[in-house]
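Colleague: Please take one buried part of this model and look at it closely. Then work outward to the other pieces of secondary structure.

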Amino acid sequence: MKQPLLTFDVVVVGGGHAGVEAAHAASKRGASVGLVTMDVNALARMSCNPAIGGSAKGQIVREIDVLGGLMGATTDHCGVQFKLLNKSKGQAVWSPRAQIDKRKYESFISRKIKGNNLITLVGNEVVETITENNVLVGCVLRSGQKIFTKSLIVTSGTFMDGLIHIGDRKIPAGRMGEPGSVGLTSNLISLGIKTGRLKTGTPPRLKRNSVDWSKTETVLGDDNPTPFSYSTKNFSPTNQPCHTVRTVESTHDLIKKNINLSPMFSGDIGGVGPRYCPSIEDKIHRFSHHPSHLLFLEPEWENSDQIYLNGFSTSLPESVQLGSLRKIPGFEKVDFFRPGYAIEYDFFPPSQLKSTLESKIIPGLFFAGQVNGTSGYEEAAAQGLIAGVNAVSRLRGEAPLVFGRDESYIGVLIDDLITKDTLEPYRMFTSRAEHRLSLRYSNADSRLFSFSNRFGLCDSALFAKHNKKQGVFNDTLNLLSKTINSKILTAPGLTDSSMPAIRFIKQPAVTIDSFPRDYFLNIKTPFLEPWERRELFHEAFVSIKYKGYIDRQNVHIQKNKKLEKVFLPKDIDYRSLAGLSNEAVEKLVLIQPETMGQAMRISGVTPSDISVLIVYLRK
């Protein structure tokens, strides 16, 4: 029987967090999308922790939301606990986080994708690309059917030649209980694309009724929670508790005794694991001076009988996992739904990509998500969105969506990926963003709505609301420029004096809570949700209190922008440039930076190497 001819503007390979955001973004720009996934009922499945956001990741989710993505609104709809992290620190590192009902999240995304007339779900597996004159023109499915397209986005997560490890057991799989993907890696290698192996892990899932909850500590979310999406209305989520326990010395002793049975320590796993999310074996081996480690018990969905044991990622044999946990108070009779495991998978070093996430050697081929060496749903979703937008830009011959490091955490993420060696899974932190004071979660809208509007990603009503909100922000600054007396403020160390409120705000002891509740009463915001009004006033305070720092940072940013606009010719023969260090030549040849700014950020390229490049360009 002759198979029907399939043609799409964009084809997305994989239905995880990167894949659904890529398909959604491309469709918002009017492109027809074929989303090829091995299980059409597992879209955006949360294969690891039941949470969205966290340090720096929360900022990324806000940015995804402003750019029309799905993750923020879905989280608000499906969250069971919301918390703003790092409130004891400066505002630059405040980050929203939410516990998620995994089943609701998957169902919500599935309805959005399946209800999109521009997205066609194809239940199959891509095993080969089709190129003509080294340009992408299509792909081949496991069934033998061909799909023709000019933009293919690979977002296969951990499925590429995935191999699960539990002690000495090895299970070929993409996730526990789901087959891996075989064939596409070898095809991409034949096209000249380099590959490597990475490893990640997941902890056991516990049976709720096997835990003695009276021996655990309860952890709740915020009383006045902050949502992720600017489209969220009437936000009043549940506040389902999580719980904590701590490991004990006898737990550590049993793990130490059996650590040689862990594939990471026995040498069975060649892929490098995430430094910042180590297994329990790594923690006990590397941090032996710690008498205990904190573990979080997180429900996987509302009123779940299945508990995610955050902090106990492991690939030890199941019997060792169970035995070591049963030594912890409250876990004496604990039992598993599923043991923890490690998974090893193929990735493609992202130095092979442009800042658009398109391959430097195969036009039309894009990569996004864990295949680029990242870890985390948020990092994957952000890359998927950018790849989806830029796949359409390429088809139309339009300028791509590329962020500078001073404009968004997404810009920092992608710049780090393409200019730095990815030798281990990449995780975003606020410390990676040198301009984090300006990249607050609470100003994502003012930073990115203009981009969202330009690329047709945001709802017109939301954009109009944002413009009205900017007017209220200016009204708030005008109010704070008026003279007040210190007597109305509740802050220690203030002398009896009168001056503009702005000058009081710059004193360390004065916060927004120092002002009386009715101070902003005359600023009318009927179009804003209560959380938006609260956040807007706080943003006004931050912009005043840190103005001096932000102004100095902006001067630095403007200087660097000049170098970002200096494009490097594609045909530079770095080996022929006298004066470059051997390491600089090696890194420049490998990464092929697009701009002088990118070249400056490559590890191993020194200021003197940059001087050589500047002289070369002047000639």
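Modeller: What follows starts with one strand and then moves on to a sheet and some helix packing. The model is predicted, so local features need pLDDT of at least 70 and side-chain atom pairs count only at pLDDT 80 or more, while totals for chains, interfaces and linings use all residues. Residues are numbered from 1 along each chain as its sequence is written, and side-chain values use heavy atoms, with hydrogens and water left out.

The strand is S3, residues 33–37. Helices (H or I, at least four residues) and strands (E, at least two) are DSSP runs, numbered from the N terminus. Five of the five residues of S3 are buried, so the strand is largely enclosed by the rest of the structure. Buried means under 20% relative accessible area, exposed over 50%, and partly exposed in between, with a 1.4 Å probe and protein chains only. Both faces of S3 are covered. Val-33, Leu-35 and Thr-37 are buried on one side, Gly-34 and Val-36 on the other.

Now the partners of S3. Two strands pair if DSSP finds at least two bridges between them. Strand S2 (residues 10–13) pairs with S3 in the parallel sense, over four bridges. Val-10 stands opposite Val-33 in S3. From S2 the chain crosses through helix H1 (residues 17–28) to S3, a right-handed β-α-β crossover. Right-handed here means that, with the strands pointing away from the viewer, the path from the first strand over the helix to the second runs clockwise. S3 also runs parallel to strand S7 (residues 119–123), joined by five bridges. There, Leu-35 has Leu-121 of S7 as its bridge partner.

Next, an open sheet. Its three strands have the order S4-S6-S5, with antiparallel pairing. Strands S4 (51–53) and S5 (79–85) are the edges, each pairing on one side only. Neighbouring strands are turned by 20° against each other on average, direction ignored. Axes are lines fitted to C-alpha atoms, for helices over the stretch in contact, and angles run from 0 to 180 degrees between N-to-C directions. S5 and strand S6 (residues 95–100) run antiparallel and are joined by six bridges. Lys-83 has Arg-97 in S6 as its bridge partner. Helix H2 (residues 57–66) packs on the sheet and touches S4 and S6. The direction of H2 makes about 80° with that of S4.

Now a helix pair. The axes of helix H3 (residues 71–78) and helix H4 (residues 102–114) come within 9 Å and cross at roughly 135°. H3 and H4 are therefore oblique to each other. Angles under 35 degrees count as roughly parallel, over 145 as roughly antiparallel, 65 to 115 as roughly perpendicular and the rest as oblique. The H3 and H4 crossing is right-handed. A crossing is left-handed if the near helix is turned anticlockwise from the far one by less than a right angle, and right-handed if clockwise. Among the H3 residues that meet H4 are Met-71 and His-77. Their counterparts in H4 include Tyr-105 and Phe-108.

Last, helix H17 (residues 582–591). Its buried residues are Ala-584, Val-585, Lys-587, Leu-588 and Ile-591. These pack against helix H11 (409–419), helix H18 (596–600) and helix H19 (607–618); contact means heavy atoms within 4.5 Å. After H17 comes Gln-592, with a positive phi near 50°.
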